[in-house]
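Good morning, colleagues. Please bring the structure up on your screens, and I shall go through its helix contacts, its sheets and its ligand shell in turn.

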Amino acid sequence: MPHTHRRDRWNLRIRGDVNVRRIPELPFGSFKLLPAVGKYALGGAAPKDYLVFGREQAPSSAYIAKAARLTGGRPCECVTEHLIARLGSLLPLRVIQARLVRLRRTRSGRSEVRFLSRDFLRHPADRLVHGVELMAQWLDVSKDEVVAAFSRREELQLYRCDYVLDALRCAAEFDEYPRLARAFGRMLGYDALIGANDRHPMNWGVIRDVTMHAPLRFAPVFDTARGLFWQHPDDHLRSVEERGDVEQHVEAYAEGSHALIGRPGDDDSSKLNHFDLVEGILLSRPEHLTDGMLEVVDRFSPVEAEQLLRREFSCILTPRRLRFIVRLLHYRHGRLRRLIDGR
Ligand SMILES: Nc1ncnc2c1ncn2[C@@H]1O[C@H](COP(=O)(O)OP(=O)(O)O)[C@@H](O)[C@H]1O
Ligand SMILES: [Mg+2]
């Protein structure tokens, strides 16, 4: 019987909340890990390596291979980041190219789950300018001065939509600005659909070609890992279901997802959620940004998203977790549609 079959599969193969056996394994010797230091240094707090296929001197492809950090190494963290990136692939915006794998690092040891994102700095002249550096350049101060001046709680005063647009305008040359502003708006639309909680100024940026041969461009959206119940173990979701609280839980979770970008023209730096931010954008309608944001939200189809999740994740995540994620996406999309349609 299919039901028993599925239960057995979960009981036997689950590690945490994830059926790790269904995550493809990269065999020992098929890749090389370069520690993320020196030439390959990467920021961020999650443990990560630089992974290459092919020869190291001229790798055929290179990825940032990230392990789980905050959930005691639970693979669900990596799976959720992958799932969010896959949803991004349905939308008209550039997100990192993602893979979910298990790495077999020794011949006999246990493999580990990693989230891979393809290195988007493919050209040697490409540099990622993080949001914090962009703002520092605009203010004509150092990055450290910006960090010192704005604590995490005060950041919304600086990372306000309109100020970010000013910084993009200041960094742009010739006709680059409209594309940059639109891409920034697309990222905000995506974040609003997902409820991305961690879009701090090291988690977005622009790519500059230091030889000035290529135009400044908005970086593909990366590090969208905090959303869609990433931090809730399945046990927790089960108890919510058993209490009959699913609807309230989904709503409270959605309304409690904070945006880390402030509303245009709004000095209030208290926490706001993505719906407050979208409402603020719709009131002042900053040029290009609004178009980008609406383009992404308009394109999103909860049905299509559900199909993708069922196709790609029903073997890896529990049916319960997928149900919660789908409900949340429906809620978020419905709430955004009502704001946009003025209902
Ligand atoms: N696909 C990528 N290509 C190039 N650089 C990347 C990529 N993914 C991440 N980075 C760089 O690595 C840093 C850390 O990665 P991130 O995904 O933000 O990890 P963490 O979860 O630890 O913050 C980013 O701020 C960015 O500079
Ligand atoms: Mg990060």
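Let me begin with helix α9, residues 246-255, and helix α13, residues 319-340, whose axes come within 10 Å and cross at roughly 60°. That angle makes α9 oblique to α13. I should say at once that this is a predicted model. The crossing of α9 and α13 is right-handed. On the α9 side, the residues involved are V246, V250, E251, Y253 and A254, and they meet F324, R327, L328, Y331, R332 and R335 in α13. By class, the residues of this contact between α9 and α13 comprise seven nonpolar and four charged, with no polar residue.

Helix α13 has further contacts. Helix α8, residues 234-243, has an axis that comes within 10 Å of that of α13, and the two cross at roughly 70°. At that angle, α8 and α13 are roughly perpendicular to each other. From α8, the contact draws on D234, L237, R238 and E241, and from α13 on R320, R321 and F324. Five charged and two nonpolar residues make up the contact of α8 with α13, and no polar residue takes part. Please note F324 of α13: this residue is listed in the contact with α9 and again in the contact with α8.

How does helix α12 run relative to α13, parallel or antiparallel? The axes of α12, residues 302-313, and α13 come within 10 Å and cross at roughly 160°, and the two helices are therefore roughly antiparallel to each other. The crossing of α12 and α13 is right-handed. Here α12 contributes P302, A305, E306, L309 and F313, while α13 contributes L322, I325, V326, L329, H330 and H333. The class count for the contact of α12 with α13 is eight nonpolar, two polar and one charged.

I turn now to the sheets. Six strands form an open sheet in the order β3-β7-β8-β6-β5-β4, and the pairing is mixed. At the edges stand β3 (25-26) and β4 (32-35), each with a single partner strand, so one side of each is left without a neighbour in the sheet. Further in, strand β5, residues 48-53, pairs with β6 in the antiparallel sense over six bridges. Within that pairing, F53 has S61 in β6 as its bridge partner. Helix α2, residues 76-88, packs on this sheet and touches β6, β7 (98-103) and β8; the direction of α2 makes about 155° with that of β7.

A second open sheet has three strands in the order β9-β10-β11, with antiparallel pairing. Its edge strands are β9 (126-130) and β11 (217-218), each of which pairs on one side only. Strand β10, residues 205-209, runs antiparallel to β11 and is joined to β11 by two bridges. Across from I207 stands R217 in β11. Helix α3, residues 131-139, lies across β9 and β10 and runs at about 80° to β9.

Finally, the ligand. Which residues are the closest to ligand 1? They are L42, G44, A46, S117 and D223, within a surrounding set of 19 residues. Two strands that we have already met, β6 (61-66) and β8 (112-118), are the elements that give two or more residues to this shell. By class, the shell around ligand 1 has eleven nonpolar, four polar and four charged residues. Strands β6 and β8 thus appear twice in this account: they are touched by helix α2, and they supply residues to the shell around ligand 1.

To close, I would leave you with the three partners of α13: α9 is oblique to α13, α8 is roughly perpendicular to α13, and α12 is roughly antiparallel to α13. Thank you for your attention.

Note on methods: Residues numbered from 1 in each chain as written. Chains lettered and ligands numbered in written order. Predicted model: local features only at pLDDT ≥ 70, side-chain atom pairs only at ≥ 80, totals over all residues. Pairing = 2+ DSSP bridges. Helix = DSSP H or I, 4+ residues; strand = E, 2+ residues; numbered from the N terminus. Contact = placed C-beta atoms within 7 Å. Axes fitted to C-alpha atoms, helices over the stretch in contact; angles between N-to-C directions. Near = placed C-beta within 6 Å. Nonpolar A, V, L, I, M, F, W, Y, C, P; charged D, E, K, R; others polar. Parallel < 35°, antiparallel > 145°, perpendicular 65-115°, else oblique. Left-handed = near helix turned anticlockwise from the far one by under 90°.
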